[in-house]
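Good morning, colleagues. I should like to take you through a model, beginning with confidence and then turning to the interface.

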Amino acid sequence: MASSVISSSPFVCKSSSSSSKKDLGFSSFTKSSQISIHRCQKKSISRKIVSVMAPQKDRSPGTTGSVKTGMTMTEKILARAAEKSLVVPGDNIWVNVDVLMTHDVCGPGAFGIFKREFGEKAKVWDPEKIVVIPDHYIFTADKRANRNVDIMREHCKEQNIKYFYDITDLGNFKANPDYKGVCHVALAQEGHCRPGEVLLGTDSHTCTAGAFGQFATGIGNTDAGFVLGTGKILLKVPPTMRFILDGEMPSYLQAKDLILQIIGEISVAGATYKTMEFSGTCIESLSMEERMTLCNMVVEAGGKNGVIPPDATTLNYVENRTSVPFEPVYSDGNASFVADYRFDVSKLEPVVAKPHSPDNRALARECKDVKIDRVYIGSCTGGKTEDFMAAAKLFHAAGKKVKVPTFLVPATQKVWMDVYALPVPGSGGKTCAQIFEEAGCDTPASPSCGACLGGPADTYARLNEPQVCVSTTNRNFPGRMGHKEGQIYLASPYTAAASALTGHVTDPREFLQ
Amino acid sequence: MATSLHSLNSTLFKSLASSSNKSSSSLSPSPVFRLNPTSTAFIFKPLTSSSSAIIIRASASSSKSGESHTRETFHGLCFVLKDNIDTDQIIPAEYGTLIPSIPEDREKLGSFALNGLPKFYGERFVVPGEMKSKYSVIIGGDNFGCGSSREHAPVCLGAAGAKAVVAESYARIFFRNCVATGEIFPLESEVRICDECKTGDVVTVEHKEDGSSLLINHTTRKEYKLKPLGDAGPVIDAGGIFAYARKAGMIPSASSA
């Protein structure tokens, strides 16, 4: 297996003085909250940390022991999972799967196919490598939706599935100790995301986990049924597009702005069948949750998967949540990339994606005349703890009340608890929930995917009329949140909060500077 | 055999012409079916009010999963869409409560196929109240099937009776799901067929011996070469991912379940 090139300037952990502006500085709450505890020395000796930005010109491959053909991170992960020493883009290979995730919408179908093809009495390949996370249509009276959670319970019982984050009391999510919420956020919070692994999920936003330096992508029920029985999948090795984001992240900019910027640049099919690899000084300064937001929308550019090289931030997050051993990989200095994009992040401005496409990019400030009817903050893209912290920070700085209904849907139980318990820096000890209440937002709702994808008719915050909504979610195709004529502006939590305060699409700098 | 085929062809076209909404000019009864000269088995389904596609199988074959089959040539009416048709337009997420592997649910999914299209499309793919579509070929632009990984998308199209999509390009997961499920054939065009065809045109999708395919629009009298299936070909020809894996020895033969 190709060994990584050792950089001549070894990676140095950032001290708190040069830490990103995102360091909100609040004290540790539970293991789930995203705190920058720097443990630079821990286990860093055995891991080869590579500066992807500095290809080695002075050391030939022969002297470092790397194979002649350099591989990208994704190629390396897939090669190792296919038990091969080398793969190149275009190779069709059988890959071993480390984790398979499914939820209430696709789980029943996946298991149905598994039984049909492997037999009614068949057993899954490894009951500890399957994670079942009900999250899509949970808090609804829709009988079929409720039935689907029950079906998953039966399958998990029968197969002895270790990780089933069940919910039985739909009237009170807190009464369900196992229930988590949005699968992609839960996977990370529960320690199922590990560098170097292969994670598949029956959901397009499975690519979120690429933030952890693993290969993570979405698959359909039939492929999932196959994995359930075999633990393997047939994959074509994708070529990698490299996105290097450098520069200091402005205080009003978030990862959502970065990915909307990129998708606007390359279009909704700009990365089809390809890997999107993100690196650069800006990326290194992002927290895990921000990296998750970035990788989450890779699929919106058509991308097969997204990856970010693991570093101290990654290791710190992961090692706090799992004791399963893992081994990160890094792109070789002489790896081939099919495209190279560079951004100076310090020059970027808050952006939105206008209806009806995630690549319909516009500067937020240029949309200030767009009158809106509501704001939605939630989903795997924009419903994590830091997303709510950001919105609360802006509301507090503004000191005003929202002008339109503002719906808040924490992604998971942990996020919901953070919203009610964590103090927002600079607010004199107020929690997000208190600030939201003072600003006149709706009460934070039960954690789930919620209205991001519309859902059954009784879904909280569903767009049931042709209204204009600014949302921290991931897609705005016609009918995405319910009504076919609904108009959805995708935005960062800062932009969403600012827009709620004015009743128009608003650049967050109106309130943050 | 040839003479009976020829007369069959004109019957075929007359039936198709009468079933299409548009009054079409007389269709040339030129033979479009390439038959394996050694085959003797011939299956022909006459066009009835409930079926929309005529399937001619060039050799005796079964469509059961696990058995290889030569690719079918078929024709029927086409339904034309443009770029970036995402999975929520193909099947709105609220129908995601239906489970595609349950036959009754699958039928229901078919009745909702392409329900999410905005009003300006005019024609409905499935007439409200009906379970099947009268269109057998969907013609699309770029990035067809973008969005979700939910298999409900290709499943509902197949359940509604569509046989193939002919698009300029596909989103990755949708294409993969078409191949894995075998519900609908994903074909790629070389030009923007969606700009040259109209909903209701009578088309034939013909598969050739060399692996390439052809789309013939009988209404406009134009032919379009389609791209070969590439890496997906062996999986489709085997009958889906399970059959392919069995052939490759990755999983044991299916036991009767």
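Chain B has an average pLDDT of 77, pLDDT being the predictor's confidence in each residue, from 0 to 100, and 71% of its residues score at least 70. This is a predicted model, in which local features need pLDDT of at least 70 and side-chain atom pairs count only at pLDDT 80 or more, while totals for chains, interfaces and linings use all residues. Residues are numbered from 1 along each chain as its sequence is written, chains are lettered from A and ligands numbered from 1 in the order in which they are written, and side-chain values use heavy atoms, with hydrogens and water left out.

Where in chain B is confidence lowest? The minimum falls in helix α1 (residues 2–19) of chain B, with a mean of 40, whereas strand β3 (residues 135–139) of chain B is highest, at 97. The model as a whole scores ipTM 0.83 and pTM 0.83.

Now the interface. Chain A contributes 55 residues to the contact and chain B 47, contact meaning heavy atoms within 4.5 Å. How many salt bridges are counted between chain A and chain B? There are seven, each a side-chain nitrogen of Lys or Arg within 4 Å of a carboxyl oxygen of Asp or Glu. Asp231(B) forms a salt bridge with Lys236(A), and their closest N and O atoms are 2.7 Å apart. On the side of chain A that touches chain B, α3(A) gives the most, with eight residues; helices here are DSSP runs (H or I, at least four residues) and strands likewise (E, at least two), numbered from the N terminus.
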